[in-house]
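Trainee: I would like to take a close look at one part of this protein and then see how other parts are described in the same terms. Please take me through it slowly.

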Amino acid sequence: MRQSIFARLRQRRCLLLRELIVLACALALGLGYSRWNADSYLPSLDGNVYSMLALEDSLLMVLSSGNRNSLVRIDHAGTLLNYMDTADGQAFQYLESDGETVYAILSYEKGGETLQRLVALSLDNTAMRARSLTELTTLRGAPAGVIWEEIYLPAESEGTGEPEEGGAATEIRALTLSGLDGQGQSFLAHVDLETGRVGFETILPGESVLFLKYIADGHYVWISQDRKAGQYQNGAWQRDILAGLSDTPLHISTCGTRCFISDSISGDVFEIFPEGAPARFRQGEDFIGGSGFQYRQLEVYTTYQSQSGNVRLVGLCAAEDGGVIAGEDYSVRELHTGALRLRMLWQHGWLAVLVFWAVLAALVESVFSILHSPRLSVRLLLCQVLAAAVLLGGVTAVQYHSFQETVREEAYQKLRLIGGSLATVLSSSEEPGDSASVELAVHRLERQVSMAMDGQDREYAICVVWDTDLGPVIASDSASPAGYLLEDVKSRDYVSAVSHALRQGKGLLERIQTDTSCDYLYAQPFSQGGRAGCIAISQNEEVLLAGQAKFLQRLLPLLAVCPLLFLALAWITRRLLRPLDEIQRALEEFYTRGSGGQMQLCGMPHTELYEVGRVFNQLSIQTRVQFNELKSINGAYARLVPDCLLRMLHKDSVTELSAGDHAPVNGALLILIPRGFSPDRISLDRMTGLAAERIAQSGGMLVDYDEGLYALTALLPDAERARSCARDCLEQLEQNRMPVMAAVLSETVELGVFGGDSLLYSLAVSKDMRRKQAALERALDFDALVVENTRAGRTGLRLLGWDNGMELYEDPACRPSDWQSRWRETAGTWEKALRLFRERDFPAAMRLFAKVLRRMPEDKAARWYLFRCDTLRDSAAQDGDTGLLFDWGEERP
């Protein structure tokens, strides 16, 4: 199993290597894109800080970065300890913590409506996750249009957090939220964290509240929409408690049961007491610790109690290169993300990695298929689809970008028209107007625009500011009262755009970030009675780009038609290239058979491929004729030059043969000698015809013909095939009344081709071949049918004699059965007689040969040896006299 897996991996190592390279590129591109887009999600002090909460040893903040909103916890050195990023269109509004869990209000956009949810986050996790506690906006019985802004954790003395025995604090079981509706009415929401039930309560009836702070049960501090601070405690009302101290009270902060209010213009911080007059806690012109910033420069701040028991302030101040956390005990000018930066890069880049991997894998595999596909139709189709996809994507992107620019330009013209009209109205007055006159002019223009738009809902917000030494101050705004510094109630991008327009002295359009969305802001400077001001008209980006849906609706049919166009393109390409399949089929048939059939040209488009097919059909016909002629020639050639000749000479082709090529062959010679007839031309033709087929089937070849013995000599690869061929030839020739004797001589034969450049002749050369034929002729006189020159480990063979070191054996199995049975009875006597004959004990040998003849009177071999014993018994016989060719002298040829 393991070997099979490794074998598959080796076969697909190119694919695996290619995919690994694609994955590495996707990782690089995805993380590179995440790094390039890091400004939109990495926490930074350069954006807005919507909320701050000081803990014992750290600081919790809600930061905005690009189009995202993040909740972070840092230590006093600015090192990031915990973080959580929100999705687009989400923002944390307010924070509260018991030291282990952070409770926050999460606002989010859904269907053009802003909804709110109460969530909890654990500080035990570096990458915090929001756990939903309850929905606030969609609860049954919830007041309509309420925006929840504050969270209150009950004190330990109230029971929910009372310490247990041993000093351990119990879990928070209930929370209280405060909120305001559009008319400034105040509400409380009591949330039971165990059951999820929420109870609602209306407080401060009759008060139009701008900012509200819940101090304790029955104790509230607020700032009204006419910029007056008030306090309510257990039925006691205190209104305008900062009269003569602050005309623009803004931010309310608490530290335990102590309450503080800051002034927007002067920057003074006042402490509000439950009883008695407020007191100035910090002077706006004073510096915040050793940070180098003044209290009046604070954009947002919070209070906390130091280890010494004193209340300390820490907040965000604007610097030229971004924001600075300025505190009385510490300052932070830059956030240090450390190793968490890599984690955040991967957290926001893994989806881009997947997208890049899918796109690159599809692109690489398409290109690979284009370059390596064996089918031309596939290559062309993939090229066309790839080109079409790139073209479609490019055209769509260009059209979409052009559409966005068009919508942006239309919005710019619309906002510029409104801002210019209002600037003309305000500039026409020679004397500087107060807030009431400015608001009156704004309301009059809004009514005119509403009438021009057929009474449609207002899609924009107008803010008029005056340029002062402290910065832009609100003269008229639909969301905030006049008199506040613009930087205290608007985002940093908003203030930057207005300040830039005031410095440049001309109108401009900027894209700014809000808490849950992005707005387009048009700022138009104006002057009135020597006083400089600016009109800022903002409109939500979703409203400006609402035409995108219509654009997509118009584009959707085109995108839906594209797959059909691709299919049609594929069908046309396949139809045009279909003749290639027919050409391939015909060529494959031509390759396998040597000639192919006709291509089907019926219905084929009359293109270049049609002409190729027509020419191929003509070529196929001519090739078939030539192939048939060549086949017949090859058949005749194979009869003259058998394949076994090439194999024995170790040649691959007849073209490699040349005169003088030879090789020793350890094979066997098969010699067929006619018995009892002298073959003429006709008989020789019949005999060779029958024998040649058997010899060819056994892998041999004819190498010689002896005119004296009328013998055919064949060369076969080994003795076993020679014996089998000999038996087949004996049987076949016997049936055709052409009896022969077959001799199998196992020896090394020198086979070669001789001749010249114009003529070659194959010949097998064996040592003493003439003497061997004479010995076989003597065996022929013995009526032997199959003769061999070696036993080769076989038993049952009959020794006929010897000559010149060569022994001849007869295979008795070829004799008649009656002869075989008698031979088995005399085989031992025969072998003993031959041994005595060879030892020249002729009298003893004669007695044994006579005994064999009495049992086998027709045996010519026994009769011949009896005659030889009688001849030699009275003479001094030599060794050569006992051989078959006793009369063969050196002078014989």
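Where does Asp-39 lie, and between which helix and which strand?

Mentor: Before anything else, please keep in mind that this is a predicted model. Asp-39 is found in the loop that runs between helix 2 (13–36) and strand 1 (49–54). With a relative accessible area of 64%, Asp-39 is exposed, because anything over 50% is given that name. Asp-39 also belongs to a negative surface patch, whose other members are Asp-46, Glu-320 and Asp-321.

Helix 2, which comes before that loop, leads to a second surface feature. A nonpolar patch on the surface, with about 1000 Å² of accessible area together, is formed by Leu-20, Leu-23, Leu-27, Leu-31, Trp-346, Trp-350, Leu-351, Leu-354, Val-355, Trp-357 and Val-359. Two elements, helix 2 and helix 3 (340–372), each give two or more residues to this patch, and helix 3 gives the most, with seven residues. Leu-31 may serve as an example from helix 2: its relative accessibility is 34%, so it counts as partly exposed.

From the surface patches we can turn to the charged pairs, of which the structure holds 28 in the form of salt bridges. In one of them the side chains of Glu-207 and Arg-239 meet, with 2.5 Å from N to O. This pair links distant parts of the chain, since Glu-207 sits in the loop between strand 12 (198–203) and strand 13 (209–216) while Arg-239 sits in strand 16, 32 residues apart. Glu-207 has a relative accessible area of 13%, and because buried means under 20%, Glu-207 is buried.

Another salt bridge joins Arg-282 and Glu-328, whose closest N and O atoms are 2.7 Å apart. Here too the pair links distant parts of the chain: Arg-282 is in strand 20 (residues 279–282), Glu-328 is in the loop between strand 23 (322–327) and strand 24 (331–332), and they are 46 residues apart. Arg-282 is buried, with a relative accessible area of 17%, and Glu-328 is buried as well, with a value of 11%. Salt bridges that share partners join Arg-282, Arg-312, Glu-328 and Asp-329 into one network.

Later in the chain, a salt bridge is made by the side chains of Glu-858 and Arg-822, at 2.5 Å from N to O. Glu-858 is in the loop between helix 17 (842–855) and helix 18 (860–872), whereas Arg-822 is in helix 16 (residues 817–838), so this pair ties together parts that are 36 residues apart in sequence. The two partners can be placed by their accessibility: Glu-858 is partly exposed at 38% relative accessible area, while Arg-822 is buried at 12%.

Turning to the backbone, there are two residues whose phi angles deserve a careful look. Asp-240 has a positive phi of about 50° although it is not a glycine, and its place is the loop between strand 16 (236–239) and strand 17 (249–255). Strand 16 is also where Arg-239, the partner of Glu-207, is found. At 31% relative accessibility Asp-240 counts as partly exposed. Asn-804, likewise a residue other than glycine, has a positive phi near 55°; it is placed in the loop between strand 36 (798–803) and strand 37 (806–810), and with a relative accessible area of 52% it is exposed.

A further loop residue, Asp-661, brings two parts of the sequence into one view, for Asp-661 and Leu-751 are 90 residues apart in sequence and 8.5 Å apart in space, from C-alpha to C-alpha. Asp-661 lies in the loop between helix 12 (643–648) and strand 30 (662–674), and at 16% relative accessibility it counts as buried.

The cysteines complete this tour. A search of the whole structure finds zero disulfides. Of the cysteines that can be described here, Cys-814 counts as partly exposed at 22% relative accessibility, whereas Cys-869 is buried, with a relative accessible area of 0%.

To return to your starting point, Asp-39 is an exposed residue in the loop between helix 2 and strand 1, and it shares a negative surface patch with Asp-46, Glu-320 and Asp-321.

Definitions and conventions:
Residues are numbered from 1 along each chain as its sequence is written. This is a predicted model: local features need pLDDT of at least 70, side-chain atom pairs count only at pLDDT 80 or more; totals for chains, interfaces and linings use all residues. Side-chain values use heavy atoms; hydrogens and water are left out. Patches are made of residues with over 30% relative accessible area and no salt bridge: like charges are joined within 9 Å, nonpolar side chains (Val, Leu, Ile, Met, Phe, Trp, Tyr) within 5 Å. Accessible areas come from the Shrake-Rupley method with a 1.4 Å probe; for residues, only the protein chains shown count as cover. A salt bridge is a side-chain nitrogen of Lys or Arg within 4 Å of a carboxyl oxygen of Asp or Glu. Lys and Arg count as positive and Asp and Glu as negative; His and the chain ends are not counted. The place of a charge is taken as NZ of Lys, CZ of Arg, CG of Asp or CD of Glu. Helices (H or I, at least four residues) and strands (E, at least two) are DSSP runs, numbered from the N terminus. Buried means under 20% relative accessible area, exposed over 50%, partly exposed in between (1.4 Å probe, protein chains only). A disulfide is a pair of cysteine sulfur atoms within 2.5 Å.
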